[in-house]
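Me: Could you take a close look at one part of this model for me, starting where that part ends? Once that's clear, tell me what else in the chain deserves a look.

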Amino acid sequence: MSARFLLPLLALPFATAAAAAPTSTDAVIDAARASVEAALGQRYGQIDLEVTGRPSAAPASDVTLRAKPVVGRFPRERFTVDVDLLRNGHVVGKATVGFALHANTEGWVYSNDAHDHDLAAAVAMERQTVDVAHGEGVTPDQLEGLRLKRNVRAGKIVALADFERIPDIDNRQPIRLLAAFGDITVESAGMAMRAGNRGDVVTVQVDGATAPVKATVTDRGVAELVQ
C-alpha cells in the first residue's frame with residue numbers, strides 16, 4: 001500500500017479518539033457552582049464556596065450538563081450537588097460535586113445562655129454578623145407565643161427549631177377541672193401530669209383524690225373530665 005493511502009488510515013483512529021474525548025471536570029464543577037450561587041442569590045454578604053469533592057471522571061464531550069437543586073436544608077456548611085449528564089435530552093449519567101460553604105449576613109443571636117421552657121419574649125437576643133451555613137436564623141417577631149424547648153448558649157444563631165408552642169396546659173401545671181353531671185357543672189382544682197393542647201386527653205391529679213383521672217383540654221389551663 002502506498003504512503004498516500006496509508007496516512008489517512010493512520011489518522012482515522014486519532015480522529016475518532018478526539019471526537020470521544022471527555023470534557024474537563026472543571027465544566028461539571030462550574031455548572032454545580034453556578035447552581036449554588038443562583039440559589040444563594042443576593043441575600044448574603046461575603047460568600048466562600050470551596051470545592052471539597054470533584055467528580056470521579058470527566059464526562060464525554062457530547063453530553064450537556066444540568067445541575068440539580070441541593071437536597072435538604074440549605075444553606076448549610078457542607079453539601080453535594082448532583083449534575084445530570086444528558087445526551088439528546090436524556091439522562092445518561094450523573095456527576096457529584098462536594099462543597100463547603102460560608103455565607104455571612106446580619107442575623108439574630110442569643111445574648112446570654114437561656115434554658116428550656118424560657119418564654120421567647122424573655123430571651124435576650126442581639127444583631128450580629130452570622131454565618132448562615134451554621135443555621136438559617138429567624139427574627140424575634142416570628143417567635144411570638146413560643147418558648148425554648150432546649151438550653152441554648154450565648155452567641156448561637158436564634159433558630160426556630162430551638163422553640164416550641166406554649167401548650168394550653170403544661171406538665172405539672174395547676175388547672176381547672178370541669179365535670180358535667182346533667183345540667184350541673186362542678187369545678188375542681190388539679191394538676192396536669194402531662195402537657196397538652198385543645199382536644200388532647202391528659203392525666204390530671206385532682207386535689208384531694210387518691211387516683212388521677214383523664215380529662216380533655218378545652219382551653220388554656222382548663223380541662224373537662226372524660227366521662
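Reply: Helix α2 is followed by G41, and the phi of G41 is positive, near 65°. Keep in mind that this is a predicted model.

Step back from G41 and you're in α2 itself, which covers residues 25–40. Does its length add up? Well, at 1.5 Å a residue, 16 residues should span 22 Å, and the C-alpha atoms at the two ends are 23 Å apart, so the expected and modelled spans agree. At the N-terminal end, S24 acts as the cap of α2: one of its side-chain oxygens sits 3.0 Å from the backbone nitrogen of D26. So much for the ends.

Now for the face of the helix that's tucked away. The buried residues of α2 are T25, V28, I29, A31, A32, V36 and L40. What do they pack against? Four strands: β1 (47–53), β2 (64–67), β3 (78–87) and β4 (90–110).

Between two of those packing partners there's an oddity in the backbone. P75 sits in the loop that joins β2 and β3, and the peptide bond leading into it from F74 is cis, with omega near 5°.

For the wider setting, the protein has 2 helices and 12 strands, and in sequence order the pattern reads α-α-β-β-β-β-β-β-β-β-β-β-β-β. Of its 227 residues, 31% count as buried. If you take the contacts with a separation of 6 or more, 52% of them come from residues 24 or more positions apart. The accessible surface is about 13600 Å², and carbon and sulfur atoms hold 54% of that.

G41 isn't alone in having a positive phi, by the way. H117 has one of about 80°, and H117 is not a glycine. You'll find H117 in the loop between β4 and β5 (125–131). Its relative accessible area is 43%, which means it's partly exposed. R172 is another non-glycine with a positive phi, near 65°. R172 belongs to the loop between β7 (163–165) and β8 (174–181), and it counts as partly exposed because its relative accessibility is 49%.

H117 also leads us to R147, since H117 is among the residues that R147 touches. R147 lies in strand β6 (residues 146–148). Is this arginine buried or exposed? It counts as buried, because its relative accessibility is 6%, below the 20% cut-off. So who keeps it company? Beyond its neighbours within four places in sequence, R147 is in contact with H117, D118, L119, A120, D162, F163, E164, I166, P167 and D170. With D170 there's a polar contact between the two side chains, at 2.5 Å.

Finally, have a look at the outside. F181, I184 and V186 make up a nonpolar patch on the surface, and together they have about 290 Å² of accessible area. I184 belongs to strand β9 (residues 184–192), and because its relative accessibility is 56%, I184 counts as exposed. Set that beside the buried V28, I29, V36 and L40 in α2: here you have nonpolar side chains out on the surface.

Terms used: Residues are numbered from 1 along each chain as its sequence is written. This is a predicted model: local features need pLDDT of at least 70, side-chain atom pairs count only at pLDDT 80 or more; totals for chains, interfaces and linings use all residues. Side-chain values use heavy atoms; hydrogens and water are left out. Patches are made of residues with over 30% relative accessible area and no salt bridge: like charges are joined within 9 Å, nonpolar side chains (Val, Leu, Ile, Met, Phe, Trp, Tyr) within 5 Å. Accessible areas come from the Shrake-Rupley method with a 1.4 Å probe; for residues, only the protein chains shown count as cover. A salt bridge is a side-chain nitrogen of Lys or Arg within 4 Å of a carboxyl oxygen of Asp or Glu. Buried means under 20% relative accessible area, exposed over 50%, partly exposed in between (1.4 Å probe, protein chains only). The expected span of a helix is 1.5 Å times one less than its number of residues. Contact means heavy atoms within 4.5 Å. A polar contact is a pair of N or O atoms within 3.5 Å; within protein, one must be able to donate a hydrogen and the other to accept it, and residues adjacent in sequence count only if both atoms are side-chain atoms.
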